Amino acid sequence: MAKLWCLLSIITLLQVSKPVISRHEVTTPPLPILPLPSSSQLKWQERELIMFLHFGVNTFTDSEWGTGHENPAIFNPGELNANQWVNVAAEAGFSLMILTAKHHDGFCLWPSKYTDHSVASSPWKNGRGDVVQELVNAARAREGIDVGLYLSPWDRHDKRYGHDLQYNEYYLAQLQELLNKYGSVREIWFDGAKGSNVPNMSYYFSDWFSMVKELQTSINIFSDAGPDVRWVGNEKGFAGSTCWSTINRTSLSIGNGSIVDYLNTGDSKGTDWLPAECDVSIREGWFWHKSESPKRLSVLLDIYYKSVGRNCVLLFNVPPNTTGLISENDVQRLKDFRGAIDTIFSTNLAESCFVRASSQRGGEDGDFGPENVLDGDHLWTYWAPKDEESEDNWIEFKCIDKLRFNVIRIQEAIGLGQRIKQHEVHVDGRKVAKGTTVGHKRLHRLEKGVVKGQIVRIKILKSRAVPLISSIGLHYDPFWHPNET
């Protein structure tokens, strides 16, 4: 009797502990692969284009680096109109504008109570002007435009520079002014630029960064070493053909010229998510100079492909002139640039094709089919192959008619980590492009120009984990003529 009771007890326990499996069990997403971007980093990455505004006393002295001895009386932009700046930015597709609140010359574009070397000592608006506030007001009036600030660590005017404690206190005081007074600031820019034969100076970057995060929780901090956005390592606007958003911050330091190659490529084994920002000016100089003109459209498009098209955000400098306006020839070049981008990418030829893939996570009833790469979500819907088929993953577009295109766009679901290490593109069995990283966006502008074909296959040859592709596009760029001499 006791044996029978024990047997019944064991059977009961087994029945209770047996998992209940639903006939309609939904396949879960794959595990993320670390490191991952923060919410503010994802928002930053999706901007793709940011405008830089270099403006100050250098604008009036026809120089790039001021001496710090400029008389504030020279600053008098009689027609300054920040609404014009914002409208130009918005119409060109920029959603964030970063202003040089203070450059190396130490002149402040806001009336700082910690120095008289500012707009308060200028004739502009009888000393009652505030460029930072004008930009903030204009941005608030235009939906979709955010503000960022650059506060130069190197200060050639202030006598406290070279005295570590006194200058760091001064710098932090101005930082608090800017981040307390002007509302939400989405990016703040730090660099290590300074000339030769300047006083030795230790910047308390850790203190600065902590203060920034305390005052603005959703802000991104840019510097050579992050912590949120890194410099790409040059001022040409070009990222490496391999460009990881991951890197090891412990290997970085601000102002260290020996790490520019590492900054340019990132690190597939990096433990920190620190995507790159590519800074470049629409002109040769950063400040406005009467003798300069904007770069040709073909040059700007090349920069776009080598920055945004290589998993980066493009920080594009457009300097206001001495009147306080963005020059008309710069405005026109930005219109040309925006028009070209829209012409190239507004039509996705892949949408007219049938799409299939090597496999699909969860099978045909799962939510991870190849059709996801053609929807409007470039972040959280994606094609995911089966986990066990990591060595032979491909996605293919088959079209009834031959397509004619010269640009291939591939995007990863970076919210779950950056994964792809090597890929190829084949058209009708012929390899037309190859590359390493993809990240948020990879643009292949075909070196031999336009191709025609019916079957386009993208092969993922190496990946850190199962690849997750969120979007694919086949586009025609009418401005790209590589075969012309």
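This is a short talk on the largest pocket, three helix pairs and a few unusual backbone spots in one protein structure.

Hi everyone, and thanks for coming. Please keep in mind throughout that we are looking at a predicted model.

Let's begin with the pocket. The largest pocket holds about 640 Å³ of space. Its lining is made up of 24 residues, and those closest to the centre are A433, H444, R445, L446 and E447. If you'd like to find the pocket on your screen, those five residues are a good place to click.

Which elements give two or more residues to this lining? They are helix 9, covering 297-305, strand 15, covering 430-435, and strand 16, covering 442-445. Strand 15 provides the largest share, with 6 residues.

As for chemistry, the lining divides into 10 charged residues, 8 nonpolar ones and 6 polar ones.

Now, where does the largest pocket lie with respect to the domains? Domain 1 spans 39-345 and domain 2 spans 349-475. Both of them give residues to the lining, so the pocket lies between the two domains.

Helix 9 brings us to the next topic, helix pairs. In general, two packed helices are described by the angle between their axes and the distance between those axes. I have three pairs to show you.

We'll stay with helix 9 for the first pair. Its partner is helix 10, residues 328-345, and the two axes come within 10 Å, crossing at roughly 55 degrees. That angle makes helix 9 oblique to helix 10. The crossing between helix 9 and helix 10 is right-handed.

For the second pair, please turn to helix 4, residues 82-91, and helix 5, residues 131-141. Their axes come within 8 Å and cross at roughly 50 degrees. Helix 4 is therefore oblique to helix 5. Here, too, the helices cross in a right-handed way.

The third pair is helix 6, residues 164-181, with helix 7, residues 205-215. These axes come within 10 Å, and the crossing angle is roughly 20 degrees. Angles under 35 degrees count as roughly parallel, so helix 6 is roughly parallel to helix 7. The crossing of helix 6 and helix 7 is right-handed.

Finally, let's visit some backbone details. As background, most residues other than glycine have a negative phi, and most peptide bonds are trans.

Where do we find cis peptide bonds in this model? One joins L34 and P35, with omega about 0 degrees. P35 sits in the loop between helix 1, 2-17, and helix 2, 39-47. Another cis bond joins G226 and P227, and there omega is about 20 degrees. P227 belongs to the loop that runs between strand 5, 220-223, and strand 6, 229-231.

My last stop is N126. This residue is not a glycine, yet it has a positive phi of about 55 degrees. You'll find N126 in the loop between strand 2, 96-102, and helix 5, the helix we met alongside helix 4.

That's my tour, and I'm happy to take questions.

Methods: Residues numbered from 1 in each chain as written. Predicted model: local features only at pLDDT ≥ 70, side-chain atom pairs only at ≥ 80, totals over all residues. Heavy atoms only, no water. 1 Å grid on protein atoms, 1.4 Å probe; cavity = no way out; pocket = protein on both sides within 12 Å on 5 of 7 lines; lining within 4 Å. Points joined across faces, edges and corners; volume = space filled by probe spheres on them. Helix = DSSP H or I, 4+ residues; strand = E, 2+ residues; numbered from the N terminus. Nonpolar A, V, L, I, M, F, W, Y, C, P; charged D, E, K, R; others polar. Domains from an automatic or database assignment. Axes fitted to C-alpha atoms, helices over the stretch in contact; angles between N-to-C directions. Parallel < 35°, antiparallel > 145°, perpendicular 65-115°, else oblique. Left-handed = near helix turned anticlockwise from the far one by under 90°.
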